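Biologist: Could you take one part of this model and walk me through it closely? I'd like to hear what packs around it and how far I can trust the picture.

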Amino acid sequence: MSAPSLCKPYRQLVAHYEECLARFGDTPQGVDWPNSRDAQTRYRIMTEVIRPEDRGGKVSLLDFGCGAAHLYEYLQAHGFGHISYSGLDLSEQFIRLSRSKFPHLTFYQLDLLGRQAEQVPDFDYIILNGVLTEKQNLTFDEMWDYARELLIAVFRRARCGVAFNVMSKQVDWERDDLFHLPMDLLAGFLTRELSRHFIFRSDYGLYEYTTYLYRAPASR
């Protein structure tokens, strides 16, 4: 199958990540993370979206933009046996790789903003790690439009919560190819369109922040 059509601006991001995979293979660099240490930090932060009251029983999780399913490898290495993992990616190449590594898992190769969206069931938690950190040649407005549309679609399928990261504006300098999103702009959108129950985390030493977005307030 040929590369995805670029009729939708965000689809050019797929081509970028597939170029990384072709160049670096099944490595952190193959999904455009600079090193393994920072990638492991991101996996830890992403999994901490799962609230304590949900950690005792079985939890279904969708790794949205799963790439090479490195998050699943992290879960296996750190004893998250209670998490039922599934992956989704726009890229046929990444889905083929993930299925070859983990044939017992469910992987979806589709566009949640397209006609196949109804094929994706609901999950307790959905993680978007790195999906919204790069914009490449997209303008800020194009990426912001995509982010809002995608978060609305993803949140519809999350019974409990969603975690996603974007690049911070609190940096010494910004890269044109990254998506530096002001916290107040994001907070206003989340409050108006999705939920007032969210947490911003910027306490883990990287030039980004992670948002935990929940359907309901935490149990007391």
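Modeller: Let's take helix α5. The cover over its buried residues includes α1, β1 (59–64), β4 (123–128), β5 (158–167), α6 (183–193) and β7 (208–214). And which residues of α5 are buried? They are Met-143, Trp-144, Tyr-146, Ala-147, Leu-150, Leu-151, Ala-153, Val-154 and Phe-155.

The helix itself checks out on length: α5 runs over residues 140–156, and at 1.5 Å a residue its 17 residues should span 24 Å, which agrees with the 24 Å between its end C-alpha atoms.

Now for two of the neighbours. Helix α1 covers residues 12–24 and holds Glu-18. That Glu-18 counts as buried, because its relative accessible area is 9% and the cut-off is under 20%. Glu-18 sits 23 Å from Ile-126, C-alpha to C-alpha, with their positions 108 residues apart in sequence.

On the other side of the list, the loop that links β5 and α6 carries Ser-168. Ser-168 is buried too, at a relative accessible area of 7%. Its side chain reaches the backbone nitrogen of Gln-170 at 2.8 Å. Leaving out residues up to four places away in sequence, Ser-168 touches His-180, Tyr-207, Glu-208 and Tyr-209.

As for trust, remember this is a predicted model. The protein chain averages a pLDDT of 95, and 97% of the residues score at least 70. Be wary of residues 1–6, though: pLDDT stays under 50 there, and the model gives them seven contacts beyond four places in sequence. Where pLDDT is low, predicted coordinates shouldn't be read in detail.

How values were computed: Residues are numbered from 1 along each chain as its sequence is written. This is a predicted model: local features need pLDDT of at least 70, side-chain atom pairs count only at pLDDT 80 or more; totals for chains, interfaces and linings use all residues. Side-chain values use heavy atoms; hydrogens and water are left out. Helices (H or I, at least four residues) and strands (E, at least two) are DSSP runs, numbered from the N terminus. Buried means under 20% relative accessible area, exposed over 50%, partly exposed in between (1.4 Å probe, protein chains only). pLDDT is the predictor's confidence in each residue, from 0 to 100. Contact means heavy atoms within 4.5 Å. The expected span of a helix is 1.5 Å times one less than its number of residues. A polar contact is a pair of N or O atoms within 3.5 Å; within protein, one must be able to donate a hydrogen and the other to accept it, and residues adjacent in sequence count only if both atoms are side-chain atoms.
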